[in-house]
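Subject: Handing over the two-chain model

Dear colleague,

I am passing this structure on to you, and I would be glad if you could look through it before reading my notes underneath.

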Amino acid sequence: MSAPPNPTGAAGRRLAALAEGWRVYRADRGGLFGLAVLSLVVVLALLAPVLTPPAELDVTRAGGAPLRPPSAENWLGTDESGRSVLLLTWWGARMSLLVGLSAAVLSMLIGTVVGLVAAHFGGWVSTLLLRLTDFFLVLPALVLAIALSTVLSRGVLTIVLAIGVTSWPQTARLVRAQTLTVETRPYIERARALGGGHRHLLGKHVLPAVLPLVFATTTLTVASAIIAESTLSFLGLGDPAMISWGSMLKSAMDTGAVTAGAWWYLLPPGLGIAVVVLSFTLCGRVLETVLNPRLRGERR
Amino acid sequence: MGVGPSGAPRAAPRALLLILTLLLAAAVPAAGQSTRSASPEADSGGEVTLRVGIQQEFDSLNPFLGFSLASTSVFRLIYPTLTTYGAEDFSVVPELATDWKSSADKLSWTFHIRQGVHWSDGEPVTAGDVAYTFNRMMDDPAAATANGNYVEGFTSVTAPDDRTVVIRTTSPQATMRSIAVPIVPEHVWSSVDDVAEFANQRMPIVGNGPFIATEYRPQQFLTLRANEDFWRGTPNVDRLRFVNFENSDAAVQALRKGEIDVVRDLTPTQFDALRGAENIRRVRGKGRRFYEIVLNPGAANSAGEPIGTGHPALRDPRVRRAIDRAIDREVLVERVLGGYGTVGAGYLPPIFEDYYWTPPPRARRPFSIESANRALDEAGYPRGPDGARHGPAGRPLDFEFVLHGDSSTDALVGEFVKEWLSRLGIRVRLRPVSDNQVNQRTTAGDFDMVVSGWSVNPDPDYVLRLQTCGARPKPGGGGLPDSFLCDRRYDELYARQLAEFDHSERVELVERAQRRFHRMATGLILFYPNALEAYRSDRFAGFMLQPTEGGVITAQQGYWGYYRARPTEQARAASGGAGYRSAAFVIVGVALLGAVVLASVAARRRRTAEHRE
């Protein structure tokens, strides 16, 4: 670990903090494992259109026999319309990751804005926003998501919206708490005394201080968003034409893969969900320790 | 991990023994009790229950309201109808009515009611009950919910005496011999004020049929007992139970384990997977359903005002026929149905041999992307620079295809059609929505293309009517449109077949109506799926199928399948308490396991306690 030579100025400080963070992160084997798996999955998902022929996902052109067990030709067998399950799982990763990430980002945006505003302005704004947060917090998220995706037209955007809109309250509460602590620090008071407006205070001082925490929470939210996506797709609320791990499980159930004993159709998407969610959780937990030094002691 | 050498080995067995004895003592009476409570079923050895797995819920047990397939098949078992369809070939046979005749002008029909038939509470079944049922449907709009179409043309229904019913109609109707309306007992139903709110769940339900409904748990099961006084004779089985399942895989597993005897609505995958399974026989019946894609020909309501959002290009029959040419039905049957179906043709499914019609070679539109493209070129829908076709007004051919979101068949068909039409320069956007939304959007005309399908009765009148102008939705709501065809020539043929009493003449008219429907191409009949069922061959030797050739057990137009089920000796010999006995074993087993776990925990705790000492 070569520390940057003579760390001076803001950039240098940041670099040093980053290096220190990486040192702490590296020490956790689980975190490293999660990061490695995640990188592999993301790279494969991104390269899917380059490495595999998308035409083979087209049911009208799929050549294989329906529901065949794994063979030399199709390593993970085929689905009910003769498509390779390996290929489906591969492309399903794209949709699951995309929906998971976008939903998490959406939920993070809503949560951060609500949390920041509620803590910074206080008073009736805070009361109003907190009651709203409480309302969404007690609402069963899955039921709300199901209701939303029934009312809106089916599609990726609807699923993202349904998950994002239901999963932000935790983030909002967290951000509010953190903002309250940050705002009591002397440098904020100083900035205020020097005439800094709301925008300056929030944008230049509070947000940067809160952001690392938000980042760690988002990583954890992605995991639950992926599960939520799979659940909604499995319940048939997704777009059946779009391949995701949840929709694969749904078509496996619909066509009677269990009766046919087609384990190769059920296992890959299930394991995919488990591995990716585990990786995100591992990364998120370690990131929390990195960004919140108080947690470090407890974990050892 | 040093354990005290003296105390522990002695204490542990003692504690274990003690707890075991205690738990066993507690478990045995419980097990005995559960066998005792089951004894009524076990004692009456030789009783046979036919258990049928269904995946649909009963929408209502009120025969005026329920119209799901699950409910109507129960009504056929517990209520009489005037006539029914024979098991062999769907011919009309006497049921409650022993015979019938019509006046010379075919406007007045007289039915003679069977003598000596009693409701399950002992009251006689009379012509008054029949007249009451029809009059209630004519007077009370709520009572017309499920079967209102049958009484639409009625002017009056009277019972001059206990054995005679006279029905007068406004115009001659060939459907009068097959009125599938469940007849209800007047002495029970006259006290029901609000039919729409009446659940009809007081058990046993007073009725008259081969079975009597005796127990109902919503979303779990409905049990029926054999009616020993049934005029045709007691059924072969003593009990009939419909068991609800959440999904078909669960039902198939239950069949494999012998928990149910018959399962219906199998997917092709499940049907294939059950090939060669022990003690299971499969039944592949010709289905009564057709599966179609409706192309919006410019929907309008019954006042003739245009409604909905249909694409203008689809009003052109040449475009609709070109789309028809771009659909390869053989591939769909092979890939979507796994071969379990018949390629779509005119309109009515091949199970009804008389009315089944396939277009002659001259009128046929075989799959050919080239000829479809040529037809669109000639019709004036040229391709733009990007390859997409557009209409004369410049609007691109871009269709919204509404599908049932829960159906894997729809999803696959959608994918295939989207791909084929893209080769014509037509863009298709798939819109999978809930079943309710499919119905709403179809009725409102809010679609370019939509999936539809109907189960056809032996008398084709009902589904033929769907394509007439009269079926279009009323401005105030209501109406049951299918493809919004509303064609003068089709309507004329429809009216003529309804008034035609000579069978071969009527067949000829129905064929001409189908030809017209095929020519207009508002509904593209893709295929007729097979009905796939399976049953336990160790418990049942067979069922009476309808029709005899390529028939089905469960989705019949009649009660034959359940009524004439033939249980095996093995099923009679096995006592009904087996399930409860195994439950007792399970309880004892669990108790034993719990005892062992508890004992070892207690032993260890004791050990550590002694260790601390």
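Before the notes, one point about the record: UniProt positions are given here in the numbering used for this model, feature names are shortened, and annotations may be inferred rather than shown by experiment. Please also keep in mind throughout that this is a predicted model.

With that caution, the unreviewed UniProt entry lists residues 92–466 of chain B as "domain: Solute-binding protein family". Over this stretch the chain is 25% helix and 23% strand, and the C-alpha atoms at its two ends are 23 Å apart. Taken as a whole, chain B has 19 helices and 21 strands, and of its 613 residues 44% are buried. Among the contacts in chain B with a separation of 6 or more, 68% are between residues that lie 24 or more positions apart.

One sheet of chain B deserves a slower look. It is an open sheet of 6 strands with mixed pairing, and the order of its strands is S14-S18-S13-S17-S15-S16. Which strands form its edges? They are strand S14 (341–343) and strand S16 (427–433) of chain B, each of which pairs on one side only. Neighbouring strands of this sheet are turned by 30° against each other on average, if direction is ignored. Helix H12 (residues 408–422) of chain B packs on the sheet, where it touches strand S15 (398–404), S16, strand S17 (449–455) and S18 of chain B, and the direction of this helix makes about 170° with that of S16(B). At the other edge, S14(B) is joined by 3 bridges to strand S18 (residues 523–529) of chain B, and the two run antiparallel; within this pair, B:Gly341 stands opposite B:Pro529 of S18(B).

Turning to chain A, you will find 12 helices and 0 strands, so to speak a plain list when read along the sequence: α-α-α-α-α-α-α-α-α-α-α-α. The C-alpha atoms of chain A fill a box of roughly 75 × 50 × 35 Å, taken along the principal axes, and 40% of the 300 residues of chain A count as buried. In chain A, residues 24 or more positions apart account for 66% of the contacts with a separation of 6 or more.

For chain A, the unreviewed UniProt entry lists residues 32–51, 97–121, 141–166, 206–228 and 262–287 under "transmembrane region". Over residues 97–121 of chain A the chain is 100% helix and 0% strand, with end C-alpha atoms 36 Å apart, while over residues 262–287 of chain A the chain is 96% helix and 0% strand, with end C-alpha atoms 39 Å apart.

As for confidence, the mean pLDDT of chain A is 85, and 94% of its residues reach 70 or more. Among the elements of chain A, helix H3 (residues 85–121) has the highest mean pLDDT (92), whereas helix H12 (residues 294–299) of chain A has the lowest (58).

Finally, the two chains meet in a contact that takes 24 residues from chain B and 24 residues from chain A. On the side of chain B that touches chain A, helix H7 (248–257), helix H8 (268–273), H12 and S16 of chain B each supply at least two residues. Which of the elements gives the most to this side of chain B? H12(B) does, with 7 residues. By class, the side of chain B that touches chain A has 8 nonpolar, 10 polar and 6 charged residues.

With best wishes

How values were computed: Residues numbered from 1 in each chain as written. Chains lettered and ligands numbered in written order. Predicted model: local features only at pLDDT ≥ 70, side-chain atom pairs only at ≥ 80, totals over all residues. Helix = DSSP H or I, 4+ residues; strand = E, 2+ residues; numbered from the N terminus. Pairing = 2+ DSSP bridges. Axes fitted to C-alpha atoms, helices over the stretch in contact; angles between N-to-C directions. Contact = placed C-beta atoms within 7 Å. Nonpolar A, V, L, I, M, F, W, Y, C, P; charged D, E, K, R; others polar. pLDDT = per-residue confidence, 0-100. Buried ≥ 20, exposed ≤ 12 C-beta atoms within 10 Å, placed from the backbone.
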